Each structure stands twice: as structure tokens, then as C-alpha cells.
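Me: I'd like a close look at one part of this protein: its largest nonpolar core. Could you walk me through what builds it, and then set it against the rest of the fold?

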Amino acid sequence: MTAPAWGGSGVLAASVAAVNSATDEELARGFADGDESCLAEAYRRLGALVFTVATRKLGDAEEAKDVTQQVFVGAWRGRKSYDPQRGSLKTWIMGITHKKIADALTRRSQHQRNVEAATVAATPATREPTTSSDTVLDHVLLTDELEKLPEQQQTVLKMAFYEDLTQAQIAERTGLPLGTVKSHTRRGLIRMRNRLEVDGGTP
């Protein structure tokens with residue numbers, strides 16, 4: 001797999017324009033001591049590597065950009081725990097990278113389980129060999145709640161519920177970025193859940 005080009009200049013707020021000629025050891029000590037120019041230089045030297053590893057593991061350039069930002073923000077906030085005597089800055093930052101990637105994959109799995117659970121709950125009654133009034137009522141209720149969502153949230157959820165499309169397939173069908181499809185799905189499900197909870201609690 002060929003990783004997308006590194007476009008990280010806009011990922012971190014720190015300026016990365018200036019090139020620091022410090023050795024790796026000097027950079028590591030400056031980073032640990034809180035020298036912001038060393039944060040910028042570490043980002044310039046290691047940002048592309050972090051982004052490439054994240055992209056290869058996650059298969060999503062937008063998510064990899066988020067993880068890259070989390071890595072450097074996390075490293076900077078936790079710099080007091082870094083001891084240059086115990087290892088290189090590169091090794092320490094790559095360790096953070098692997099942890100952030102694992103966290104992202106865990107969140108993705110949890111999100112996928114939530115989507116699958118919601119999809120099962122919202123499966124149209126016509127797929128079930130039952131004609132009970134309760135099931136029909138549930139279907140009508142869910143269909144009604146779907147219609148109340150913003151158009152793009154409706155579109156992605158209908159494709160997931162009624163056509164069994166994955167988020168990647170929905171992105172391909174609609175032309176929307178995968179991250180946008182995920183956002184619309186999450187927001188739509190949360191809105192439906194909140195509305196159904198409110199309605200369910202109404203005497």
C-alpha cells in the first residue's frame with residue numbers, strides 16, 4: 001500500500017518552517033526541557049513517519065492525520081515523563097504512535113459494533129417473518145425518526161439500514177469522504193437514540 005503524501009503542515013499549530021540544526025541528542029534534551037522550537041523540529045523530522053505508519057495501520061488518511069496530531073500533542077504534554085537517557089526521542093514518539101493507533105482501532109471497533117447494533121434494531125419488519133403489530137409499529141416509528149434527520153444523515157443511515165452497505169461503500173456511492181460518512185452516521189444514530197429515548201419515556 002502506498003501511503004498518501006504527507007500534508008501535515010496544517011495538522012499541528014506549531015510553526016514548522018524553521019529548520020533546527022540540533023543533533024538528535026540535543027533535540028531530545030530540548031524537547032524534554034520544554035523548548036517549543038524542539039517540538040516544531042521533532043514534528044518536522046518525525047511527522048511524516050508518524051503519519052505514514054498511522055495511515056498504513058488505519059487505512060484512512062484523515063484518521064491518520066488526527067492520530068498524528070494526537071501523538072505530538074500527547075508527547076508534548078507528557079514530555080516530563082520522557083528521559084533522553086533511556087532512549088531516543090524517535091523511539092519514544094513511535095511508542096506513543098503505536099498506542100494512539102491501538103486506541104483509534106479500539107474506538108473504530110466500538111463504533112462499528114454500535115452501528116451494527118443500531119442496524120439490527122432498525123431492520124425493517126419486512127425482513128422478519130412476523131406481522132406482529134408491535135414490530136410494524138417499531139418499523140413505522142424508526143422510519144418516521146429517519147425522516148426527521150438532516151438529509152445527509154438520512155442518506156447514509158438509509159443506505160446502511162436498507163441496503164446493508166458498509167461505510168466505505170456509502171462513501172464510494174455518495175462521493176463523500178469516509179470521515180464525513182462516519183460523522184453523519186454517528187450524529188444520526190445519536191439523534192435517533194435521543195429522540196427514541198425521549199419518546200419511550202413519554203407516558
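Reply: Let's fix the term before using it: a nonpolar core here is a set of buried Ala, Val, Leu, Ile, Met, Phe, Trp, Tyr and Cys residues joined through side-chain atoms within 4.5 Å. Keep in mind, too, that this is a predicted model.

With that in hand, the largest nonpolar core has 27 residues, and the ones touching the most other members are Phe-31, Val-67, Val-71, Phe-72, Leu-89 and Ile-93. Where do they come from? Four helices put in at least two residues each: helix 1 (24-32), helix 2 (36-58), helix 3 (61-77) and helix 4 (89-121). Helix 2 is the biggest giver, with 10 residues.

Val-71 is a nice place to zoom in. Skipping anything up to four places away in sequence, Val-71 touches Val-50, Ile-93, Ile-96, Thr-97 and Lys-100. Follow one of those partners, Ile-96, and you land in helix 4. Ile-96 has 16% relative accessibility, so it counts as buried, the cut-off being under 20%. Again leaving out neighbours within four places, the contacts of Ile-96 are Val-71 and Ala-75. Ala-75 sits 21 residues from Ile-96 along the chain, yet their C-alpha atoms are separated by 7.3 Å.

Now for the rest of the fold. There is a second, separate core of 15 residues, and Leu-142, Leu-149, Ala-160 and Met-192 are among them. Ala-160 also turns up in a helix pair worth a look. Helix 6 (residues 151-163) packs against helix 7 (residues 167-174) at an angle of about 125°, and their axes are 10 Å apart. That angle is why the two helices are called oblique to each other, and their crossing is right-handed. On the helix 6 side, the contact uses Thr-155, Val-156, Met-159, Ala-160 and Glu-163, while helix 7 brings Ile-170, Arg-173 and Thr-174. By type, the residues of this contact split into 4 nonpolar, 2 polar and 2 charged.

Stepping back to the whole protein, you have 8 helices and 0 strands, so to speak an α-α-α-α-α-α-α-α pattern when read along the sequence. Of the 203 residues, 35% count as buried. And if you take contacts between residues at least 6 apart in sequence, 65% of them join residues at least 24 apart.

Notes. Residues numbered from 1 in each chain as written. Predicted model: local features only at pLDDT ≥ 70, side-chain atom pairs only at ≥ 80, totals over all residues. Heavy atoms only, no water. Axes fitted to C-alpha atoms, helices over the stretch in contact; angles between N-to-C directions. Parallel < 35°, antiparallel > 145°, perpendicular 65-115°, else oblique. Left-handed = near helix turned anticlockwise from the far one by under 90°. Contact = heavy atoms within 4.5 Å. Nonpolar A, V, L, I, M, F, W, Y, C, P; charged D, E, K, R; others polar. Buried < 20%, exposed > 50% of the residue type's maximum accessible area, 1.4 Å probe, protein only.
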